[in-house]
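Let me take you through the voids in this one, and then one pair of packed helices. Please have the structure open while I talk.

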Amino acid sequence: MTKIGKIQVTKGVYWVEIPDANIYILCGCPADSVKHMKNRGLIVTREVKGVMFETGPNVILLSDVMLQNGGFANMAEFPVLQMLYFQGMILPNHPNNTGVKPMLIGSENQVEAQMQYIYRGNYGLISENEILDAGIPPGQAKDMMRLKLRFAFGTIRNTEALLDSRTINNDTVEIRNNVFVRRVQLNVFEFSYQDETVTVDLNLKPHESYGASYTLDFHHINREYFAVLHSGQGDGWDVNRPTMASILMFQGKIYLIDTGPNILYSLKALGIGVNEIEGIFHTHVHDDHFSGLTSLMHTDHRIKYFATPLVRASVTKKLCALVSMEEEDFSNYFDIQDLEFDVWNDIDSLEVKPLFSPHPVETSILIFRALGKEGFKTYGHFADIVALDVLEKMITDDPDANGISQKFFDDTRQNYMTPLNIKKIDIGGGLIHGMAEDFRNDPSDKIILSHTSKELTHRQKEIGSGAPFGMVDVLIPSHQDYVRRYALYYMKAYFPSAPSHQLRMLLNNPLILFNPESIVIKNGARNHNIYLILTGEVEVIYNPSDNHSFLSTGAIIGEISGLSGELSKETYRAINFVQALEIPCSLYLDFVKRNGLYAELEQLKENREFLQNTWLFGEAISYPIQNKLAQELQPVEYKEGQEIPLETNNEIFVLKTGVIERILDGQVYETLSIGNFVGEERVLLGTSSLFKTRVKKDAVLFKITGEVLRNIPIVRWKLFETYDKRMKSILNPQITNRPMFSWREEYSINIKEMDNAHIKLLKAADTLYHLIDSGDQSVFLKCLDDLINISKKHFQEEEALMKKHQFPEYRIHHKKHKRIIQEVSEMIEKIKKNRYEIDSDFVNFLKDWVINHILTEDRKYGEFLNRKDMAA
């Protein structure tokens with residue numbers, strides 16, 4: 001009989017069990033992992049000694065790779081909640097509360113990121129000062145903290161108090177009870193127990209993605225003037241439905257209310273492209289309302305982000321912990337639009353009023369209204385409210401005690417009872433969710449019951465309606481065709497020089513609706529029409545390579561074959577309901593000839609295809625943005641032996657033909673071929689490259705300006721990924737021929753005092769590095785203390801210089817200095833308590849602390865001051 005069992009739960013997720021050792025491991029935890037385990041029968045309800053509870057994992061193995069094929073691999077919040085509460089591992093007097101804590105295992109970076117992300121998911125903002133920093137007045141901030149502490153049973157607890165962890169390096173690590181794990185290679189792990197082993201590979205294959213636990217039907221959605229499209233009724237545990245969410249349509253524009261797991265799957269089923277999303281309204285930070293943000297930050301435009309500063313602060317801290325990103329970078333991926341509490345905020349005639357709602361994390365209920373011929377029509381989205389009987393028990397007369405005042409309770413009840421045309425409410429029950437019964441006498445026209453995985457009782461059905469996925473409530477009907485307006489917008493963008501009367505000639509053609517999975521144009525066929533996609537998504541299958549890509553709204557299909565009269569070389573297939581403008585090829589050809597566009601279209605197609613075949617531009621970029629990029633490409637030629645100038649140009653160079661090398665200190669670090677790029681430092685950070693870039697074989701490169709790239713979140717993310725990888729290569733002993741903590745002239749920021757301080761820092765770090773294997777903790781801690789003191793003095797001198805010369809990023813730099821000192825202080829405490837291994841993870845921390853700060857942050861102010869003639 002085998003001692004170790006292994007089951008594939010879903011793509012990229014496995015279950016490993018060693019019953020004899022009471023070890024049950026969830027390997028990989030993308031969004032909705034708990035639901036997948038329920039579907040596979042790995043989580044079931046049992047009864048022991050009269051206590052009902054769920055089974056499930058007690059260990060979670062994290063993926064080494066944070067992001068795979070566009071999906072986040074590690075989102076452990078709900079699996080951890082399932083272990084603590086549904087399994088009972090934290091509940092007093094529960095048979096599963098044996099004193100053994102759930103455990104996270106994985107790389108040091110991923111474990112730490114998950115610990116911080118779970119911490120923020122549990123509590124949101126964790127102090128009165130953080131609430132004050134979000135712009136809340138002092139008295140109100142104190143009351144909010146009293147409420148938070150009441151929900152938290154009086155204490156904000158670090159994640160380490162709830163979870164154990166193990167860091168997996170290159171050595172074998174014991175999990176518990178003689179069960180061991182080791183990393184075989186990136187994202188591949190071997191578990192061993194006694195004489196048995198089993199291997200788990202968490203890598204997704206190309207074109208694989210993490211899936212939903214449920215199947216959604218396709219829907220064809222008309223774009224309305226003011227309407228609510230219902231996109232989720234379940235909660236974070238519902239295996240059959242998406243979590244509570246809505247989509248607002250206003251004047252044909254698309255706005256999401258919350259972004260739960262599998263948001264892209266929901267949008268695909270509804271025939272809505274990501275590039276159609278105008279904005280996101282956000283209620284709070286719990287994963288069943290939040291995790292979709294990780295997908296929407298990897299799109300081709302900065303989606304508008306609407307929330308109160310209080311909710312935004314909470315969301316920013318959690319998201320940045322999850323993706324290991326600086327909080328200041330949130331605005332690089334979303335277009336922040338702050339909302340004010342308790343007033344109507346006007347968003348291009350759509351008005352929204354956020355009201356504070358009691359919850360363990362910062363939460364807003366949202367009321368929307370729009371003006372029509374019958375006056376204002378209203379919709380309320382009341383996600384994660386609290387049952388009034390639970391809230392009433394929190395009332396206290398003591399202004400310093402944890403809880404709420406009678407006035408706060410009365411105000412909350414009044415907000416909940418606001419009469420609206422449609423009101424969607426959370427009825428999840430328990431200590432932190434709402435109850436349908438509270439709304440029995442609500443005067444609203446229509447109440448929709450949501451946020452539950454349970455069947456509605458007859459009593460609940462008397463109170464409110466359901467809203468199946470894809471159902472639409474129209475509040476103000478449309479008397480205009482928004483889809484045709486999309487067509488005009490795209491045509492003007494593609495052909496800015498064409499006369500309006502010529503564009504109207506093209507627009508005067510029928511709109512065609514293609515059913516899901518139907519072929520639009522077949523490989524080898526002669527197409528008599530070309531199609532401008534206006535809603536939905538189309539798959540392109542290339543023959544004979546069998547590669548494929550996706551086209552969304554704004555794409556033109558069949559263009560070149562239609563103009564040339566040749567047989568189509570690709571098959572175009574509708575993924576969901578697709579609406580398209582059908583233009584006869586003869587008419588389109590006449591338009592192209594009249595406006596002299598044929599050669600331009602050929603060149604644009606060639607440029608688009610080049611971009612689609614690169615890693616940087618081949619994913620999640622819509623046709624209109626690809627077209628814009630294709631128009632921006634500027635070819636430049638360099639001969640063998642020439643250097644490519646990266647010191648001052650705010651642009652990247654993408655290699656079209658030839659070979660180039662990246663060189664540092666005379667050593668070749670990278671040899672780049674077609675589709676690779678250089679220049680990310682100047683585009684992202686405004687700093688020159690440490691590397692020289694030399695042409696090894698005659699090369700043609702495309703230049704693309706940084707102004708265009710910085711506003712494409714998916715491209716920005718990939719540029720940072722590449723920058724980070726290249727910086728780490730400098731310090732990789734398997735690549736470099738220099739000692740790790742040695743000074744190079746390329747590190748100089750050309751300010752003598754700061755360069756000397758950096759040399760001193762590197763020497764102290766090198767001394768510490770050579771003490772790692774000494775085993776003498778007292779000497780190690782003394783040297784670490786010396787390094788801290790040197791750092792503090794250097795940071796003070798840096799900040800004085802920045803203030804003196806009015807460096808615009810001074811405050812950001814100061815915050816990073818504070819965080820470094822705090823992180824080092826916390827690490828010292830862990831070392832003293834024997835809770836931290838001084839090993840390769842410490843080396844990585846040391847590199848991040850000393851080297852990366854010098855090579856990234858300090859180069860920013862160095863170049864700024866040099867422009868002000870501060871050079872040595």
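Counting the lining of the second largest pocket by class gives 19 nonpolar, 12 polar and 11 charged residues. This is a predicted model, so everything I quote is computed from it. In total 42 residues line this pocket, and those nearest its centre are Leu81, Tyr85, Pro360, Leu431 and Ile432. Three elements give two or more residues to that lining: helix H2, residues 77–86, helix H3, residues 108–123, and helix H5, residues 138–151. H2 has the largest share, with 6 residues. The volume of the second largest pocket is about 1400 Å³.

Now the closed voids. How many cavities of 30 Å³ or more does the structure hold? There are 8 of them. I will cover two.

The largest cavity has a volume of about 120 Å³. Its lining is made of 13 residues, and Ala31, Asp32, Phe78, Pro261 and Asp287 lie nearest the centre. H2 turns up again here: together with helix H1 (33–39) and helix H7 (287–290), H2 is one of the elements giving two or more residues to the lining of the largest cavity. By class, that lining divides into 7 nonpolar, 3 polar and 3 charged residues.

The second largest cavity comes to about 90 Å³. It is lined by 15 residues, with Ser231, Ala245, Gly260, Ile263 and Ser266 closest to its centre. Two strands and a helix each give two or more residues to this lining, namely E16 (245–250), E17 (253–257) and H6 (263–270). The class count for the second largest cavity is 8 nonpolar, 6 polar and 1 charged.

Last item, the helix pair. Two packed helices are described by the angle between their axes and the distance between the axes. For H23, residues 752–769, and H24, residues 777–804, the angle is about 165° and the axes are 9 Å apart. The cut-off for roughly antiparallel is an angle over 145 degrees, and H23 and H24 are therefore roughly antiparallel to each other. The crossing of H23 with H24 is left-handed.

Which residues make the contact? On H23 they include Met754, Ala757, Leu761, Ala764 and Leu768. On H24 they include Phe780, Leu784, Leu787, Ile790 and Leu801. Charged residues also take part, among them Lys760 of H23 and Glu797 and Glu798 of H24. Over the whole contact of H23 with H24, the count is 12 nonpolar, 4 polar and 3 charged.

Conventions: Residues numbered from 1 in each chain as written. Predicted model: local features only at pLDDT ≥ 70, side-chain atom pairs only at ≥ 80, totals over all residues. Heavy atoms only, no water. 1 Å grid on protein atoms, 1.4 Å probe; cavity = no way out; pocket = protein on both sides within 12 Å on 5 of 7 lines; lining within 4 Å. Points joined across faces, edges and corners; volume = space filled by probe spheres on them. Helix = DSSP H or I, 4+ residues; strand = E, 2+ residues; numbered from the N terminus. Nonpolar A, V, L, I, M, F, W, Y, C, P; charged D, E, K, R; others polar. Axes fitted to C-alpha atoms, helices over the stretch in contact; angles between N-to-C directions. Parallel < 35°, antiparallel > 145°, perpendicular 65-115°, else oblique. Left-handed = near helix turned anticlockwise from the far one by under 90°. Contact = heavy atoms within 4.5 Å.
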